[in-house]
Amino acid sequence: PEKLLRAKDLAPDIYNEFFGNTQEAMGMSLPWNMPFHVRLGEVTVVSGYMKHGKTVLLTFLVMWLCWKYNLRAGIASLEMPARKTLRNMMRQLIGQRAPVQPDGQPDKALFDRGIDWLDEHTFIYDAVGVAAIKDILDVFSYVAKRYGVRLFIIDSLMRLNVAGEDLERQKEIMNMISSWAILHNVHLFLVAHSKKPSEKQREGVYIPFSYDINGSAAIPNIAHNVVVVSRNILKEAEMEQLEQQKDVSWEKKLEVIAKYDAQFCVRAQREGDGERPMKGLYFDKESWQYRDKRELPRVNYLD
C-alpha cells in the first residue's frame, strides 16, 4: 500500500531530525528569550480574555519575525479595518506613537519608509466582520505561492461564520487550517478567545489554560501550539491607586512599576521538549512594543 512505510524508507529524514539544520528544525525565535519557537507547517492558537492585548501582541510578534527573518505575512484581521491594522503595525515598526518629527510635525519621509516596508512585507485580507474560511484560505494560498508568504494571522475564530455551539464545524475548521499550514509549509496564528472569567477564576488572578478556550476541545487539541496572552490588570489598578494618593514614596512607585505588564504563556507545544514557559513582558504605551526588560529602549526597526 502506498501509505505503508518501513524505517529505512525514512532513514534520511530521521537522520536529519538528529543532525540536520538544527536552527531550521527548532524554528524561529521570539523577540523575548524563552524556549518557544515559531515553526513552519504549524498552527498556533493565541488565546486569552477579551481586551488582554492578543491582537496587539500578535501584530508586534509577526512584524518582528518579518523584520528578523526577512519574511512576509498575510493578515486577516476581521475585527478591525485594514487601515487600523497597518497603522498599529507601523507604530510598532517605527517605535513611536506616530511618524512625526521632534517638534510634532508629520515626518513624511519616515511615513513613506514605513509604508514601503509594510508594502513589501504584508498582505491584507480586507474584510471586517464574518468571513468564510475557504475564501480566506484561497487568498492565503495565492500569496503563499505567488509571493512566498510564510506567516499568517486569522483574527479571530469567532468571525469565521461558525456558531459557538457548533463544535463539529469548529473541529472541521481546525482540521482544515492545520492541513493547509502543513501543505503550504507556513505558520498560521489563529486568535481564539477564552471563556469569560468567573468568581473562582477571576480576571487578573487566573491565567487561562488550553481547556479554557471558548468552543470545541478540538481547537487546542488539533493546534500544534497554544499560547495565552494575559494583561496584568492588577498592576494597572495599583498604579491608578498610587496616582490618587498623596505623599507616595518614589520607592513604592518603583516597586509597582517594576512589575510586568503582560504575560506570554505557552500552554502547549507539540515539538520541542514539551516546555510550557511563561514570560513576563513590559508594554510601551508609545510604541506598542513588547519587551522582556523594562529598561530596554524603543526600537525603530527601519534604522
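Select α4 (82-94) and look at what is underneath: the helix lies across β2 and β3, running at about 160 degrees to β3. Angles here run from 0 to 180 degrees between N-to-C directions, with axes fitted to C-alpha atoms, for helices over the stretch in contact. Contact means heavy atoms within 4.5 Å. Helices (H or I, at least four residues) and strands (E, at least two) are DSSP runs, numbered from the N terminus.

Before you click on, remember that this is a predicted model, where local features need pLDDT of at least 70, side-chain atom pairs count only at pLDDT 80 or more, and totals for chains, interfaces and linings use all residues. Residues are numbered from 1 along each chain as its sequence is written, and side-chain values use heavy atoms, with hydrogens and water left out.

**The sheet**

Now colour the strands. You get an open sheet of nine, in the order β3-β2-β4-β5-β1-β6-β7-β8-β9, with mixed pairing. Two strands pair if DSSP finds at least two bridges between them. At the edges stand β3 (122-124) and β9 (290-291), each with a single partner strand, so one side of each has no neighbour in the sheet.

Next, pick β1 (residues 42-47), which runs parallel to β5 and is joined to it by five bridges. Click V45 and you'll find its bridge partner in β5, L190. Helix α7 (residues 167-184) packs on the sheet here, touching β1, β4 and β5, and its direction makes about 135 degrees with that of β1.

Step over to β6 (225-231). β1 and β6 pair in the parallel sense over four bridges, and S47 stands opposite V228 in β6. With β7, β6 runs antiparallel, joined by seven bridges; one pair to select is V227 and its bridge partner in β7, V266. Six of the seven residues of β6 are buried (under 20% relative accessible area, with exposed over 50% and partly exposed in between; 1.4 Å probe, protein chains only), so this strand is largely enclosed by the rest of the structure.

**The cores**

Show side chains next. A nonpolar core is a set of buried Ala, Val, Leu, Ile, Met, Phe, Trp, Tyr and Cys residues joined through side-chain atoms within 4.5 Å. The largest one has 39 residues, and L30, W32, V62, L65, L151, F189 and F264 are those with the most contacts inside it. Its largest share, nine residues, comes from α3. Zoom in on L151: leaving aside neighbours within four places in sequence, its contacts include M28, V38, V62, L65 and H187. Another core lies apart from this one, with 34 residues, among them A131, L137, I154 and L190.

**The empty spaces**

How many cavities of 30 Å³ or more does a search of the whole structure find? There is one. The largest cavity has a volume of about 40 Å³, and you can outline it by selecting T55, L58, T59, I75, S77, T85, I153 and D155. α3 gives the most to this lining, with three residues.

Finish at the largest pocket, with a volume of about 1500 Å³. Of its 45 lining residues, M50, K51, H52, G53 and R231 lie nearest its centre. The largest share of the lining, four residues, comes from α9.

On a 1 Å grid over the protein atoms alone, a cavity is a set of points where a 1.4 Å probe fits but cannot get out; a pocket is an open set with protein on both sides within 12 Å along at least five of seven lines, and lining residues have an atom within 4 Å of a point. Points are joined across faces, edges and corners, and a volume is the space filled by probe spheres set on them.
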